[in-house]
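Me: Could you walk me through this structure? I'd like to start with how a pair of helices pack, then move on to the ligand and the overall fold.

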Amino acid sequence: MPSSLQDSFPSTPGKVKIDRSHYNLSRQINRWLSSSATLVFWSLFLLALTASFACLKTSFTVPQSHARGATTAAASWGGPAWEKQLRRSCETRRANAQVVLVTGAAGFIGTHVSLALKKRGDGVLGLDNFNDYYDPSLKRARQSLLARHGIFVAEGDINDGALLSKLLDFVPFTHVMHLAAQAGVRYAMENPNSYVHSNVAGLVSLLEACRKANPQPAIVWASSSSVYGLNSEAPFCEADRTDRPASLYAATKKAGEAITHAYNHIYGLSVTGLRFFTVYGPWGRPDMAYFAFTRNILQGKAITIYRARGGAELARDFTYVDDVVRGCVAALDTAQPSTGSGGRKRGSAQYRIYNLGNTTPLSVPQLVSILERHLRVKATRNVVEMPGNGDVPFTHANVTMARLELGYKPTTDLQAGLKKFVKWYLNYYGYEHNGKGKI
Ligand SMILES: NC(=O)c1ccc[n+]([C@@H]2O[C@H](COP(=O)([O-])OP(=O)(O)OC[C@H]3O[C@@H](n4cnc5c(N)ncnc54)[C@H](O)[C@@H]3O)[C@@H](O)[C@H]2O)c1
């Protein structure tokens, strides 16, 4: 809660300071007050007053999102009904279950990770600000899907320290799966502050809440393959240079790796950073190329395919979302507890970074050909030179460390993964086949 509000609304009605001058009026008024009828009246009045304090206390607003024009409506949180949803969502159904706070739970990967954890019996609570970087109705649909599986997504911003403290005070989370971020490389040229807001300031706000929490949760969070920036040696290994980012997005993820390291060092927070490589699949992100290509191909519009200077085709280590989810869950399962307590470090804590990729890069034109096959529609391709917008020519993961230490093994190739994506897309957006193999 903002401090100005904190001053006016005490945390419990019992802490209301009563102005004694009200009680020193006159003996006559005191006598009148002592009659039983008026006592009932004052009791009811005080009850109503207390209830309205409680309502006001639980409906304060959180800061506006900085994503896409800050058009997100202010969210409210708190109150007995909200707390009940929190409690239910965090119920566990297996021995030694984890209780995980998933930030960015209404996002693409957050939804899949939350479902996987809940399905095996862990307690899961989501947190998301539902910003409109891309169509928020897709985030709301994911929220409904999660609700059907007993997962509650609290609406709020990771920059809201009071909300985070409330969540971490209310639930003794064993882990935080931190996926909330401003994603996308090109959007940084339009709205650079949204990256600083979510990926830097928001991350610090979350780490502050975690380091003060008792018990301190272990943190697993999403970094990105983009930290490899201008590296040309492939495949990318965790020990490679990451000090030459090609975009502001990459720079904020690199900053995140440095910031989490500092919190690990000072406060004993257990931290695992996961560098995801171009994750795709059902419930995916509409700003990503495979999603936008699918939309345009189905609408009969031309698609723009970038090629690198000198004519080379762009290539990505496309990674299917289920593979990434298995990597996330393995990272949670192998995370050692944080060593701090109430903000004090009591010993050194685990700090890890892993690549989670597919290890088989394919070119963007190959991706389009697979989509054409699954959609049974030919794309109109418009090939142009890649503008200097932060994209890199290729990505390629070395996942040896994740394989050895997390048991990570990607199993879905682009052909099979895009088939599942296209099936979901056609169903979600209401396309039908006409019986002759056409859509
Ligand atoms: N999808 C990929 O290919 C990919 C690749 C590398 C890294 N990542 C990282 O993985 C994570 C998840 O990515 P995704 O593809 O699911 O993206 P996404 O945009 O679908 O999910 C992120 C979610 O975080 C929420 N969010 C953003 N800022 C917030 C804030 N300040 N407070 C609360 N919620 C906030 C958004 O509303 C969104 O629902 C991100 O950290 C992203 O940078 C993704």
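**Helix packing, ligand shell and fold**

Reply: In this predicted model, helix α10 (residues 289-298) packs with helix α12 (residues 364-375) at an angle of about 45 degrees, and their axes are 11 Å apart.

Me: Is α10 roughly parallel or oblique to α12?

Reply: Their packing angle is about 45 degrees. Angles under 35 degrees would count as roughly parallel, and 65 to 115 as roughly perpendicular. The angle fits neither range, so α10 is oblique to α12.

Me: And is the crossing of α10 with α12 left-handed or right-handed?

Reply: Handedness goes by which way the near helix is turned from the far one, and clockwise counts as right-handed. For α10 passing α12, the crossing is right-handed.

Me: How many residues of the contact of α10 with α12 are nonpolar?

Reply: On the α10 side you have Ala289, Tyr290, Phe293, Thr294, Ile297 and Leu298. α12 brings Val364, Leu367, Val368, Leu371 and Leu375. One of the contact residues is polar and none is charged, and the nonpolar ones come to 10.

Me: Over to the ligand. Which element gives the most to the shell around the ligand?

Reply: The shell holds 27 residues, and the closest are Gly104, Gly107, Phe108, Ala181 and Ala222. Elements giving two or more residues are α5 (108-119), α8 (192-212) and β5 (218-224). With three residues, the top contributor is α5.

Me: How many residues of that shell are charged?

Reply: The shell around the ligand has 12 nonpolar residues and 11 polar ones. That leaves the charged group, which numbers four.

Me: Now Leu332. Is Leu332 buried or exposed?

Reply: Leu332 sits in helix α11 (residues 321-334). A residue needs 20 or more C-beta neighbours within 10 Å to count as buried. Leu332 has 23 inside that distance, so Leu332 is buried.

Me: How far apart in space are Leu332 and Met177, C-alpha to C-alpha?

Reply: Leaving out residues up to four places away in sequence, Leu332 touches Gln98, Val100, His175, Met177 and Val220. Met177 is 155 residues from Leu332 in sequence. In space, C-alpha to C-alpha, the two are apart by 7.9 Å.

Me: Last one, on the whole protein. Of contacts between residues at least 6 apart in sequence, what share joins residues at least 24 apart?

Reply: The protein has 14 helices and 13 strands. Of its 439 residues, 43% count as buried. As for those contacts, the share joining residues at least 24 apart is 81%.

Note on methods
Residues are numbered from 1 along each chain as its sequence is written. This is a predicted model: local features need pLDDT of at least 70, side-chain atom pairs count only at pLDDT 80 or more; totals for chains, interfaces and linings use all residues. Helices (H or I, at least four residues) and strands (E, at least two) are DSSP runs, numbered from the N terminus. A residue is buried if 20 or more other C-beta atoms lie within 10 Å of its own, exposed if 12 or fewer, and partly exposed in between; C-beta atoms are placed from the backbone. Two residues are in contact if their C-beta atoms, placed from the backbone, lie within 7 Å. A residue is near a molecule or strand if its C-beta atom, placed from the backbone, lies within 6 Å of it. Ala, Val, Leu, Ile, Met, Phe, Trp, Tyr, Cys and Pro count as nonpolar, Asp, Glu, Lys and Arg as charged, and the others, Gly among them, as polar. Axes are lines fitted to C-alpha atoms, for helices over the stretch in contact, and angles run from 0 to 180 degrees between N-to-C directions. Angles under 35 degrees count as roughly parallel, over 145 as roughly antiparallel, 65 to 115 as roughly perpendicular and the rest as oblique.
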